[in-house]
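Before reading a model with two chains, it helps to ask about symmetry, then internal space, then annotated sites. The dialogue below takes these topics in that order.

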Number of protein chains: 2
Amino acid sequence: MIRDTILGTEPYVPGRSIKEIAKEYKLKESEIVKLGSNENPLGPSPKAVEAVKHETKNMHRYPESGLDDLKKAIADYSETRPNQIIVGGDGADEIIDLLGKTFIDPGSEFIVPLPSYMYYEYTLRPYGAKPAYAKWDMEENTVDTNSVIESINDKTRLIFLCTPNNPTGGLIREDDITRILESTSALVVVDEAYFEFAGVSNIKLLKDYENLLILRTFSKAMGLAGMRIGYGISNPRIIDYMHRIKPVFSLTRLSHVAALATLSDKDYIKKSIEFSIKSREYLYHRLSEMDKLRVLRSYANYLLVDIRETGMNAGQLVDELLKRGVIVRDCTSFKGLDEYWIRVSVGTIKEDDKFIDALKEIIE
Amino acid sequence: MIRDTILGTEPYVPGRSIKEIAKEYKLKESEIVKLGSNENPLGPSPKAVEAVKHETKNMHRYPESGLDDLKKAIADYSETRPNQIIVGGDGADEIIDLLGKTFIDPGSEFIVPLPSYMYYEYTLRPYGAKPAYAKWDMEENTVDTNSVIESINDKTRLIFLCTPNNPTGGLIREDDITRILESTSALVVVDEAYFEFAGVSNIKLLKDYENLLILRTFSKAMGLAGMRIGYGISNPRIIDYMHRIKPVFSLTRLSHVAALATLSDKDYIKKSIEFSIKSREYLYHRLSEMDKLRVLRSYANYLLVDIRETGMNAGQLVDELLKRGVIVRDCTSFKGLDEYWIRVSVGTIKEDDKFIDALKEIIE
């Protein structure tokens, strides 16, 4: 009865909640420093908080489906037009799912350089898509463009290029993206979830390339990870087809007003980006001073750290940090990385210091 | 590049927003009576409003993925166990989508008696599923069980039985459901979105039938349509497989706390159900008095009305009602209904009266 594709998948193991972690490690929830999920250390925009509180009286009403005002605001923010935009109600993850519905037939392929965001594969697997793994150059911390181009064949439907790349933090150069765009008629999905922290975007390529879609989110610089708002930007034809199969009401009423209010809060956006960049640079320098660690240069709001010289693997180190109330990401489950990498999100300077202090206590 | 299945779909036409309707018909937004979407006239639970306001400070944090506390609360409410429950973050619509991923291969079939909820077909179409239409008996206002059983073949994967049925309001008898369950190994999806207003559920059948899944929502009796919370209840094996491919973070943080708070607010739930039933019976009697209308008996929070004796079709009548500030549903787009049906949701008694007054002005 259940499809073979699904019978062959592994059970999903959800991350433990803060409550469970607090209980297991005998910590107060409020003391735990959360540097595991690349969230915004500044919290949400006060204007978003206010807008959401005001809208609670309408929680019994269905959301709007057209989202015209939000598309207009996103178009202004991204210097595109509203008919180039599709908004997802489960963050950018919903847009990835829509890409599966729109482009993947069973047996077709998608390309992802490893390591990168694992959710592409998780989402596309039920559609019967086969991953073709290209390479991320860990030394240069950028994509190995030739490996992507060599992976293209007539079954290729989607190519994912994450820049800044999660979890490595490195950028993909514009001329590498255009080389890939020109090598295929498949859709090239440039994931700019973290672009605000790098200050560079590939939006301008949309005018020259029909096979480009840019993926973005309100979960990072916009401080709304819990509200699940993402968007895709492409040419109007592709966006129109995606709208034909999009879940009609997936964006909650409160997410809608939160997104609008945040986009209107220019001060918050500016402060949010500056704050995370400052914290990233601070953390980078503190970690670089530690002999047993190798930190990759990052253009995002997290840092990838090679910990093999500590004599511990990531699972062990993450556990020791948890005992001290600090959550970071064990990267062992990222395909393309071995068991000696952790990813740490930027926090407030105080949270960064707590992490550094705990780390020193463990490895020095 | 775009899949053939998608190229063949019609563009989606979103419903007009209240703002657009107000502008077009020169009305104040606050004056418009919304009886088109089967929402809860009572508004959300005050406890849910309070819980959401409190949680706004955490909007920058990802939602929890396990939702253990919510599954526990739903299990208590539905007299099942947490491992029988899957929670969707786009209402029950997300569960329907997961059913597509879990059970539909291209070319396989699903059965739906017409008229019924149109979203099953909208959601399953991109998976390459073919609808097989059975019949809803409009005279008896219940399913034509034989027509369902006759539609079963070896390609059938899902059978949708909506009870109370949207848009007709009629119930499916338990012995008809068991006859269908025993006629197939396909999954029978019993959609109980409106069960609270009928006071009957088919949960108890789960212990005897492996091929049953019950679909429910927080959008109706729970007053949270804007927050997009739904759930499926089935045997643990099916629920486990669905969890393997479920979007990990699709339920927003605020939807999570709103659902928990509403389930804890027993007074609200009781009042909400009683209120809608009272309004439904009131509306039924008022409409029954009008010679040119035929109203179907309903066990839900809406009424289906045959308007052909008025000399107008539903599009014309809905437009006249809009001019008077009342939104009801033109059912012409429901397959299996012609252009002479409207569906009206229950409102407050004051809203019901405004609708009746407008209707009288138009047709008498």
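What follows is a short tutorial on reading a predicted model.

Q: How is chain B related to chain A?
A: The general step is to superpose one copy on the other and read off the turn and the shift. Here chain B can be laid on chain A by a turn of 180° with a shift of 0.0 Å along the axis, and the RMSD is 0.0 Å. That is the relation of a two-fold axis. The contact surface follows suit: 100% of the contact residues of chain B recur in chain A, and the same surface serves both copies.

Q: Which residue of chain B comes closest to the rotation axis?
A: Lys53(B) does, with its C-alpha at 2.8 Å from the axis.

Q: How many cavities of 30 Å³ or more does the structure hold?
A: There are three. The largest has a volume of about 310 Å³, and the second largest has about 110 Å³.

Q: What lines the largest cavity?
A: A lining is read by residue, by element and by class. By residue, 26 line this cavity, and those nearest its centre are Asp97(A), Pro247(A), Glu94(B), Asp97(B) and Pro247(B). By element, two or more residues each come from strand E2 (85-90), helix H5 (91-103) and helix H6 (119-124) of chain A, and from strand E2 (85-91), helix H5 (92-103) and helix H6 (119-124) of chain B. H5(B) gives the most, with five residues. By class, the lining of the largest cavity has 11 charged, nine nonpolar and six polar residues.

Q: Which residues line the second largest cavity?
A: From chain A they are Arg3(A), Ile104(A), Pro106(A), Pro126(A) and Tyr127(A); from chain B they are Arg3(B), Ile104(B), Pro106(B), Pro126(B) and Tyr127(B). The class count for this lining is eight nonpolar, two charged and no polar.

Q: For which residue does UniProt list "modified residue: N6-(pyridoxal phosphate)lysine"?
A: An annotation is read from the record, and its position is then located in the model. The UniProt entry, which is unreviewed, lists Lys220(A) for this feature. Lys220(A) sits in the loop between strand E8 (212-217) and strand E9 (230-233) of chain A.

Q: Is Lys220(A) buried or exposed?
A: The test is relative accessibility, with buried meaning under 20%. Lys220(A) has 5%, so Lys220(A) counts as buried.

Q: Which residues is Lys220(A) in contact with, leaving aside its neighbours within four places in sequence?
A: In chain A, Lys220(A) is in contact with Ser37(A), Asn38(A), Asn40(A), Ala193(A), Tyr194(A) and Phe197(A). From chain B, Tyr62(B) is in contact with Lys220(A).

Key: Residues numbered from 1 in each chain as written. Chains lettered and ligands numbered in written order. Predicted model: local features only at pLDDT ≥ 70, side-chain atom pairs only at ≥ 80, totals over all residues. Heavy atoms only, no water. Least-squares fit on C-alpha atoms with pLDDT ≥ 70 in both. Contact = heavy atoms within 4.5 Å. 1 Å grid on protein atoms, 1.4 Å probe; cavity = no way out; pocket = protein on both sides within 12 Å on 5 of 7 lines; lining within 4 Å. Points joined across faces, edges and corners; volume = space filled by probe spheres on them. Helix = DSSP H or I, 4+ residues; strand = E, 2+ residues; numbered from the N terminus. Nonpolar A, V, L, I, M, F, W, Y, C, P; charged D, E, K, R; others polar. UniProt positions renumbered as here; feature names shortened; annotations may be inferred. Buried < 20%, exposed > 50% of the residue type's maximum accessible area, 1.4 Å probe, protein only.
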